[in-house]
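Colleague: I would like a close look at one part of this model, namely the surroundings of the ligand, followed by a careful walk outward from there into the rest of the chain. Please take your time, since I am still learning how to read such a picture.

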Amino acid sequence: MTNRPDLPPEIARRRTFAIISHPDAGKTTLTEKFLLFGGAIQMAGQVRAKGEARRTRSDFMQMEKDRGISVSASAMSFDFKNFRFNLVDTPGHSDFSEDTYRTLTAVDAAVMVIDGAKGVESQTRKLFEVCRLRDLPILTFCNKMDRESRDTFEIIDEIQENLAIDVTPASWPIGVGRDFIGCYDLLHDRLELIDKADRNKVADSIRLDGLDDPRMADHIPADLLEKLREEVEMARELLPALNPQSVLEGHMTPIWFGSAINSFGVRELMEGIGEYGPEPQVQKASPRDIAPEEPKVAGFVFKVQANMDPKHRDRVAFVRLASGHFERGMKLTHVRSKKVMAISSPVLFLAADRELAEEAWAGDIIGIPNHGQLRIGDTLTEGEAIRATGIPSFAPELLQQVRAGDPMKAKHLEKALMQFAEEGAAKVFKPMIGSGFIVGVVGALQFEVLASRIEMEYGLPVNFSPSQFTSARWVAGDKAAVEKFVNVNKQHIATDNDDDLVYLTRLQWDIDRIGRDYPDVKLTATKEMM
Ligand code: GDP
């Protein structure tokens, strides 16, 4: 069952992945079916609230209030066959691309869900590009085959052309729309038929001796059968065969066709994730990489969520374990501060309920409640000074000035802003000259969410107003050159919440000019978090 027989079995059976898709393609429905087949929920409908919650802004805020739901859904663990799946949720709204990016640093693979009628949509494409940066293996689920969909070859072509990845059919749909009756499983020569009577049930598969098996005619109307045989023959001729290595390298994606709402195709997809999806992978780190089979525990924070319980100012840091076998109560070194932390009440996200984690293995996600010590990008180890890398922070694309409604509350506001900065919800810049703060985000909705959270969680009304700046760049380079540069450009310089220097401007021209005038100063749009 594994390409890595050298891994401890508990690690080898783990599959940690995220779902990428365009809104409405069926991510929530598919998640729900995963949980259903993983035995984590009893019936469909239990995670619905979340999918619906992000449709409108007010509902989104409601979800934020009801953080219990959104948090437990941030990472979900469930078992399927011999596998332990860890499904990490990517934020649905396109405004949160940075958060999404970091989420994708915590997984080993992605399931790409596309709508069979719509093909590759904008958000899918963006998320795909992020996966590609890390060569993440991608498994594709073409959903909503029970509706009028595009021609199967056309869908596959579109993915190949649009995303420049080889596509190999793992299953082939039989009929389309109202006539969709199921799929032929090309990897196992099985017939999978849809159970139209019960949406939560999956019909047993029918084993066949290849496409010419006469028993096919017992289940498939003659016209559909003829078409199926023709198409599969053509597909086998024209499309590449499954190459597991190529899938693991992110150059090929197998595609399954199905209908999540009818529970159809989901089981085969899950089997596919187990069979062709990667085990926990090596984590890039400095000064050396971390291998999952190392006996000592190491993990890194990829997400922080604060104020989950408004009564307590606690936060949960989501940690992806990169190596080892973690047990509750373990003492781990927080590498940035060199302090030792006893991890006494880690949380494991078993579907709908948060549960105390007694143990966890490389590949798992655990939540660590803390009072702000743990930040995005932080590494925890059993003592070794090693830092996970590749968890970047992006320069915000929108900047606004922020002031407290009551000037006496400026200190209070600073505290609130710093907290959101540490959560990764916004960038906060303190200009060298003048007062107040400049807040930077990637999407405009985040300003509203922030204002509303500051008011709700800190009782502070705030005003956002346009800033004179529109771009921010981190300043790096030779120390003396940076000092000289800062002295000359004080009106443009600020510090971020880690006290790193930032250059603010409204002109791309300025950025280009500095490149020429100060060859030893580097302005960058991303920064490694640590
Ligand atoms: P998300 O936005 O990607 O999470 O999508 P949802 O799972 O919320 O699904 C969007 C809509 O498509 C909902 O109304 C679902 O009921 C519907 N839907 C999901 N899967 C299927 C499917 O297989 N067939 C059909 N016909 N509708 C589906």
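Modeller: In this predicted model, the ligand is surrounded by 17 residues, and the closest of them are K27, T28, T29, S259 and I261. If you sort the residues of this shell by class, you find 8 polar, 5 charged and 4 nonpolar ones. Helix α2, which covers residues 27–37, gives the largest share of the shell, with 3 residues.

Since α2 contributes to the ligand shell, it is a sensible element to follow outward. Its axis and that of helix α12 (residues 266–276) come within 10 Å and cross at roughly 75 degrees. Because of that angle, α2 counts as roughly perpendicular to α12. On the side of α2, the contact is made by L30, K33, F34 and F37, while α12 brings V266, R267 and M270. Taken by class, this contact between α2 and α12 holds 5 nonpolar and 2 charged residues, with no polar ones.

Before going further, it helps to ask how confident the predictor is. The mean pLDDT of the protein is 86, and 88% of its residues reach 70 or more. Residues 46–72, however, have a pLDDT below 50, although this stretch has 42 contacts in the model beyond near neighbours in sequence. Where pLDDT is low, the predicted coordinates should not be read in detail. For the complex, the predictor gives an ipTM of 0.99 and a pTM of 0.83.

Let us turn next to the sheets. One open sheet has 7 strands in the order β2-β3-β1-β4-β5-β11-β6, and its pairing is mixed. The edges are held by β2 (75–80) and β6 (166–169), each of which has a single partner strand, so one side of each is left without a neighbour in the sheet. From one strand to the next, the twist averages 30 degrees. Within this sheet, strand β4 (residues 109–115) runs parallel to strand β5 (residues 138–143), and 6 bridges join them; here D115 stands opposite N143 in β5. Strands of a sheet pair through backbone hydrogen bonds, either parallel or antiparallel. In the loop between β2 and β3 (83–88) you will find K81, which has a positive phi of about 50 degrees although it is not a glycine.

A second place to look at pairing is the hairpin of β8 and β9. Strand β8 (residues 182–185) and strand β9 (residues 190–193) run antiparallel and are joined by 4 bridges, and L191 in β9 is the bridge partner of Y184. There are 4 residues between the strands of this hairpin, in which D189 takes a positive phi near 45 degrees. Strand β9 is also joined by 2 bridges to strand β10 (residues 206–207), again in an antiparallel arrangement, and there R190 has R207 of β10 as its bridge partner.

Further along the chain, a cis peptide bond joins S286 and P287, with omega at about 5 degrees. P287 belongs to the loop between β12 (285–286) and β13 (298–306).

Another open sheet has 8 strands in the order β28-β25-β27-β26-β30-β31-β29-β32, with antiparallel pairing. Its edge strands are β28 (462–466) and β32 (521–524), each of which pairs on one side only. Neighbouring strands of this sheet are turned against each other by 40 degrees on average, direction ignored. As a detail of the pairing, strand β29 (residues 471–477) and strand β31 (residues 501–505) pair in the antiparallel sense over 4 bridges, and W474 stands opposite V502 in β31. Helix α13 (residues 410–423) packs on the sheet, where it touches β25 (398–404), β26 (427–431), β27 (437–441) and β28, and its direction makes about 135 degrees with that of β26. Helix α14 (residues 445–458), in turn, lies across β25, β27 and β28 and runs at about 155 degrees to β28.

To return to the place where you asked me to begin, keep in mind that K27, T28, T29, S259 and I261 are the closest residues to the ligand, and that α2 gives the shell its largest share.

Technical notes. Residues numbered from 1 in each chain as written. Predicted model: local features only at pLDDT ≥ 70, side-chain atom pairs only at ≥ 80, totals over all residues. Pairing = 2+ DSSP bridges. Near = placed C-beta within 6 Å. Nonpolar A, V, L, I, M, F, W, Y, C, P; charged D, E, K, R; others polar. Axes fitted to C-alpha atoms, helices over the stretch in contact; angles between N-to-C directions. Contact = placed C-beta atoms within 7 Å. pLDDT = per-residue confidence, 0-100. Parallel < 35°, antiparallel > 145°, perpendicular 65-115°, else oblique.
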